[in-house]
Amino acid sequence: MKWINHTLIAGSICAVISPIHVAPAVIGATAPDWMEWVVKLTGRHIKHRGVTHILTHWLIAALAATFLFDYQGMLTAFAWGGFSHIITDAMTVTGVLFSPYSDRRFHLFGGRFRTGDPVEYAISFAVVVLCILFIKLLGDSGFIPFFYDWAGFYDKGIIDAYEWKQNRFRIL
Ligand SMILES: [Zn+2]
């Protein structure tokens, strides 16, 4: 998947959960790719979507950062960003490695599209729109007011029905 889409997906999801962590999440979301460059700089050969694209590594890192050690949530955001990279790369034809113990490629949703395919942009666009909606909904009252309003209308309906029952014979 393209970096722009990795960035958009991780950045917008993180903006919903914790806006101050968008930067480390985005750095993490591109990490599996730029880590390959870093290794190449040391002169070592590295296969694309190999050792930096192992699902279990990122999942363990993300869980460890969340529950064990962390610095102001930065590591957590970084590691979950990296995990989002693996999950979205897993939707492509090439896929990713599931664990270091197997060479089998791991795919999500059948691994249908190639990197750069319009589908990829459609997915990240959908995620961004959903996240903007969530932020809008969350923003007003601290929790999702859609459900609040629903309950509000329901309460109103109950009260109206009750009042109607109490008052319906008063006309007589
Ligand atoms: Zn990648």
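Is phenylalanine 98 buried, partly exposed or exposed? Select it and turn on the surface: with a relative accessible area of 41%, phenylalanine 98 is partly exposed. Keep in mind as you click around that this is a predicted model.

**Stop 1: the whole chain**

Zoom out and switch to a cartoon view. You should find 6 helices and 2 strands. Follow the chain from its start and the elements come in the order α-α-α-α-β-β-α-α. Of the 172 residues in the protein, 34% count as buried. The accessible surface adds up to about 11400 Å², and carbon and sulfur atoms account for 71% of that. If you draw contacts between residues at least 6 apart in sequence, 53% of them join residues at least 24 apart.

**Stop 2: colour by confidence**

Now colour by pLDDT. The mean for the protein is 84, and 80% of the residues reach 70 or more. Which elements have the lowest and the highest mean pLDDT? Helix α6, residues 145-167, is the lowest with a mean of 52, while α4 is the highest with 96. Select residues 144-154 next: the pLDDT is below 50 over this stretch, which has 8 contacts in the model beyond near neighbours in sequence.

**Stop 3: the zinc ion**

Time for the metal. Select the zinc ion and show the side chains around it. Which residues are its protein donors? They are Asp33 (OD), His53 (NE2), His85 (NE2) and Asp89 (OD), at 2.1 to 2.4 Å from the ion. Put angle labels on the 4 donor atoms and you get values of 84 to 171°, which goes with an irregular site. Along the chain, the donors are spaced as D-x19-H-x31-H-x3-D.

Keep just the two aspartates highlighted. Aspartate 33 sits in helix α2 (residues 22-41) and aspartate 89 in helix α4 (residues 74-89), so this pair links distant parts of the chain, 56 residues apart. Both aspartate 33 and aspartate 89 are buried.

**Stop 4: the aromatic rings**

Show the aromatic side chains. A search of the whole structure turns up 5 aromatic pairs. Start with tryptophan 58 and phenylalanine 78, a tilted pair with 6.1 Å from centre to centre and 45° between the planes. Why does this pair tie together parts that are 20 residues apart in sequence? Because tryptophan 58 lies in helix α3 (residues 55-67) and phenylalanine 78 in helix α4. Tryptophan 58 has 8% relative accessibility, so it counts as buried.

Next, go back to phenylalanine 98 and add phenylalanine 106. Their ring centres are 5.1 Å apart with the planes at 55°, so this pair is tilted. Then add Trp34 to the Trp58 and Phe78 selection: ring pairs link these three residues into a cluster.

**Stop 5: glycine 95 and its contacts**

Click on glycine 95, in the loop between α4 and β1 (96-97). Buried or exposed? With a relative accessible area of 0%, glycine 95 is buried. Leaving aside neighbours within four places in sequence, glycine 95 is in contact with Arg49, Asp89, Ala90, Arg105, Phe106 and His107. Among them are a zinc donor, Asp89, and a member of the tilted ring pair, Phe106. Draw a line from the C-alpha of glycine 95 to the C-alpha of leucine 108 and it spans 7.8 Å, for residues 13 apart in sequence.

**Stop 6: two positive phi angles**

Most residues other than glycine have a negative phi. Here are two that go the other way. Arginine 49 has a positive phi of about 55° and lies in the loop between α2 and α3. Its relative accessible area is 3%, so arginine 49 is buried.

Now jump to phenylalanine 109. Here too phi is positive, at about 55°, and the residue lies in the loop between β2 (105-106) and α5 (118-141). At 65% relative accessibility, phenylalanine 109 counts as exposed.

**Last stop: isoleucine 135**

Finish in helix α5, where you will find isoleucine 135. At 37% relative accessibility, isoleucine 135 counts as partly exposed. Leaving aside neighbours within four places in sequence, its contacts are Ala15 and Val16. Select isoleucine 17 as well: its C-alpha is 9.0 Å from that of isoleucine 135, although the two are 118 residues apart along the chain.

Conventions:
Residues are numbered from 1 along each chain as its sequence is written. Side-chain values use heavy atoms; hydrogens and water are left out. Donors are N, O and S atoms within 2.8 Å of the metal (3.2 Å for Na, K and Ca); water is not among the atoms, so sites may look incomplete. Four donors count as tetrahedral if all angles lie between 85 and 135 degrees; four count as square planar and six as octahedral if opposite donors are over 155 degrees apart and all others between 65 and 115; anything else is irregular. Helices (H or I, at least four residues) and strands (E, at least two) are DSSP runs, numbered from the N terminus. Buried means under 20% relative accessible area, exposed over 50%, partly exposed in between (1.4 Å probe, protein chains only). Rings of Phe, Tyr and Trp (its six-membered ring) pair if their centres lie within 6.5 Å; planes under 30 degrees apart count as stacked, over 60 as edge-to-face and the rest as tilted. Contact means heavy atoms within 4.5 Å. Accessible areas come from the Shrake-Rupley method with a 1.4 Å probe; for residues, only the protein chains shown count as cover. pLDDT is the predictor's confidence in each residue, from 0 to 100.
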